[in-house]
Structures are given as C-alpha cells and as structure tokens.
Amino acid sequence: MKLRATHEQRVLWYAKAEAKGVSFSEFARHALDGAKVRRRAQLRQVDPDLLRQLARLGNNLNQLARWANRDQRYVQTAALMSQLVSIERELFRLRELYEARDAD
C-alpha cells in the first residue's frame, strides 16, 4: 500500500507512532480502523545480579520441593519451614533493594 504525504506529515506521523511506542504500520492500521492506539508497556531493565540471586533462590526452592516429595516419611517439617522462611526473608530483602534502586 502506498500513501502520498508531505515530508512534514510523515515526520509528524512517525513521531506520534513513536510517542505511543508502536510501529508506524500499527499506528496507521489503528488510525484507519478508527481504533485507539494503546501505548505499549515498556519493559524495565533488570539488574543481572538480581536475576542471579532470584535464580539461586529458585534453585533452593526446587531442591526443597524435590527433597520433600522424595520420601515424605522422613520430611522434617520444622527444617523445611525454617528453610522456606529463610528464602522468604531473602526475597523480601531483594525486593526492598530492587524497589529502592528503582526509585532512584
């Protein structure tokens, strides 16, 4: 499909599409259909160190679940709960650090 427009019109249309966080094609389709263009959610950059910490905690949870499911006769509920509380505290601490960095 071809569309004739002045240079100024193109600049304006592309700027509007960029402001909405969509491609010009998507912007034009919505305009032609009479639909509102919704702003795309911007993905936040995540600190690689935070991802490593979360992966480590996820690994610990998997190990605990495997241990608890392997032989339920020997599961020590108090020890399991202690480990889960420890992981919960660590997740809470990481969340506080992440939200503090995000606020800066």
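**Entry 1. A salt bridge to start from.** I looked up Asp49 and found its side chain joined to that of Arg52 by a salt bridge, 2.3 Å from N to O. The model I am reading is a predicted one. Asp49 and Arg52 both belong to helix 3 and stand three residues apart, about one turn of the helix. I noted the general rule that residues three or four places apart point the same way, because an α-helix has 3.6 residues a turn. I then checked how open the two residues are. Asp49 is partly exposed, at 44% relative accessible area. Arg52 has 52% relative accessibility and counts as exposed, because the cut-off for that class is over 50%.

**Entry 2. The whole chain.** I stepped back to the overall layout. The protein has four helices and zero strands, and from the N terminus its elements run α-α-α-α. It has 104 residues, of which 12% count as buried. About 9,300 Å² of the protein is exposed, and 53% of that comes from carbon and sulfur atoms. I also looked at contacts with a separation of 6 or more: 36% of them are between residues 24 or more positions apart.

**Entry 3. Helix 1.** I checked the length of helix 1, which covers residues 7-20. Its 14 residues reach 20 Å from the first C-alpha to the last, close to the 20 Å expected at 1.5 Å a residue. Just after helix 1 comes Gly21, where I read a positive phi of about 75°.

**Entry 4. The other salt bridges.** How many salt bridges are there by the rule used here? I count three. One of them is the Asp49 and Arg52 pair of my first entry. Another joins the side chains of Glu90 and Arg56, at 3.7 Å from N to O. This pair links distant parts of the chain, with Glu90 in helix 4, Arg56 in helix 3, and their positions 34 residues apart. Glu90 also meets Arg93 in a salt bridge, at 2.8 Å from N to O. Glu90 and Arg93 are separated by about one helical turn, because they are three residues apart in helix 4. Through shared partners, Arg56, Glu90 and Arg93 are joined into one network of salt bridges.

**Entry 5. Glu90 itself.** Is Glu90 buried or exposed? Glu90 is buried, because its relative accessible area is 19% and the cut-off is under 20%. Its two salt-bridge partners are partly exposed: Arg56 has a relative accessible area of 38%, and Arg93 has 37%. I listed what Glu90 touches, leaving out residues up to four places away in sequence, and found Gln53, Arg56 and Leu57.

**Entry 6. The nonpolar core.** I went on to Leu57. Apart from neighbours within four places in sequence, Leu57 is in contact with Ile87, Glu90, Leu91 and Leu94. Which residues make up the largest nonpolar core? I wrote down seven: Leu50, Leu57, Leu64, Ala68, Leu80, Ile87 and Leu94. Helix 3 (48-70) and helix 4 each supply at least two of them. The largest share, four residues, comes from helix 3.

**Entry 7. A patch on the surface.** Leu91, another contact of Leu57, sits in helix 4 (residues 77-103). Leu91 counts as partly exposed, at 35% relative accessibility. Together with Val46, Leu51 and Leu54, Leu91 forms a nonpolar patch on the surface. The four have about 300 Å² of accessible area together.

Note on methods: Residues numbered from 1 in each chain as written. Predicted model: local features only at pLDDT ≥ 70, side-chain atom pairs only at ≥ 80, totals over all residues. Heavy atoms only, no water. Patch = residues over 30% accessible without salt bridge, like charges linked within 9 Å, V, L, I, M, F, W, Y side chains within 5 Å. Areas by Shrake-Rupley, 256 points an atom, 1.4 Å probe, with all protein chains shown as cover. Helix = DSSP H or I, 4+ residues; strand = E, 2+ residues; numbered from the N terminus. Buried < 20%, exposed > 50% of the residue type's maximum accessible area, 1.4 Å probe, protein only. Expected span 1.5 Å × (residues − 1). Core = buried A, V, L, I, M, F, W, Y, C linked by side-chain atoms within 4.5 Å. Contact = heavy atoms within 4.5 Å.
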